[in-house]
Amino acid sequence: MQGTVATYDPSTRSGVLLLDDGTELPFPARAFDASGLRLLRLGQRVRIERDAAGEVVRVTLPTMA
């Protein structure tokens, strides 16, 4: 699944993603930390991995495996 960074707070390492259907999806710091990324920018496209409960567990760039 992919989305766009709507908000990102570098001090908390969390934010909100905007899915292609317009749904807002918050992500916690642990999902950002699992990515290995150093920062996110507003409007940046990202790939989203979710667990069975639907929570975001990893946010990466679409080109990363």
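# Notebook: charges, fold and strand pairing

I started with the charges. The protein carries 8 positive and 8 negative side chains. I looked up the centres of the two sets and found them 8 Å apart. I note here that the model is predicted.

**Overall fold.** I listed the secondary structure next. The protein has 1 helix and 5 strands. Along the sequence I read the order as β-β-β-α-β-β.

**Dimensions.** I checked the radius of gyration against the globule rule. A compact globule of 65 residues would come near 11 Å, and the protein has 10 Å, so the two agree. I then took the extent of the C-alpha trace along its principal axes, which is about 25 × 25 × 20 Å.

**Surface and burial.** I looked up the accessible surface and noted about 3900 Å². Carbon and sulfur atoms account for 54% of that surface. Of the 65 residues, 31% are buried.

**Contacts.** I took the contacts between residues at least 6 apart in sequence. Of these, 40% join residues at least 24 apart.

**Strand β4.** I asked myself which strands pair with β4 (residues 45-50). One is β1, antiparallel, over 3 bridges. In that pairing I found Gly-3 bridged to Val-46 of β4. Another is β5 (residues 56-60), also antiparallel, over 4 bridges. On this side I found Glu-49 opposite Arg-58 of β5. β4 therefore has pairings recorded with both β1 and β5. I kept one general point in mind while looking at the strands. In a regular strand, side chains alternate between the two faces of the sheet.

**The β4-β5 hairpin.** I followed the chain from β4 into β5. The two strands form a hairpin, with 5 residues between them. I checked the turn for backbone angles and noted Gly-54, whose phi is positive at about 95°.

**Arg-13.** I went back towards the N terminus for another positive phi. Arg-13 has one, of about 60°, although Arg-13 is not a glycine. Where does Arg-13 sit? I found Arg-13 in the loop between β1 (2-9) and β2 (14-19). Is Arg-13 buried or exposed? Its relative accessible area is 32%, so I entered Arg-13 as partly exposed. The cut-offs I used for that call are under 20% for buried and over 50% for exposed.

Conventions
Residues numbered from 1 in each chain as written. Predicted model: local features only at pLDDT ≥ 70, side-chain atom pairs only at ≥ 80, totals over all residues. Heavy atoms only, no water. Buried < 20%, exposed > 50% of the residue type's maximum accessible area, 1.4 Å probe, protein only. Pairing = 2+ DSSP bridges. Rg over C-alpha atoms; globule rule 2.2 N^0.38 Å. Contact = heavy atoms within 4.5 Å. Areas by Shrake-Rupley, 256 points an atom, 1.4 Å probe, with all protein chains shown as cover. Lys, Arg positive; Asp, Glu negative; His and termini not counted. Charge placed at Lys NZ, Arg CZ, Asp CG, Glu CD.
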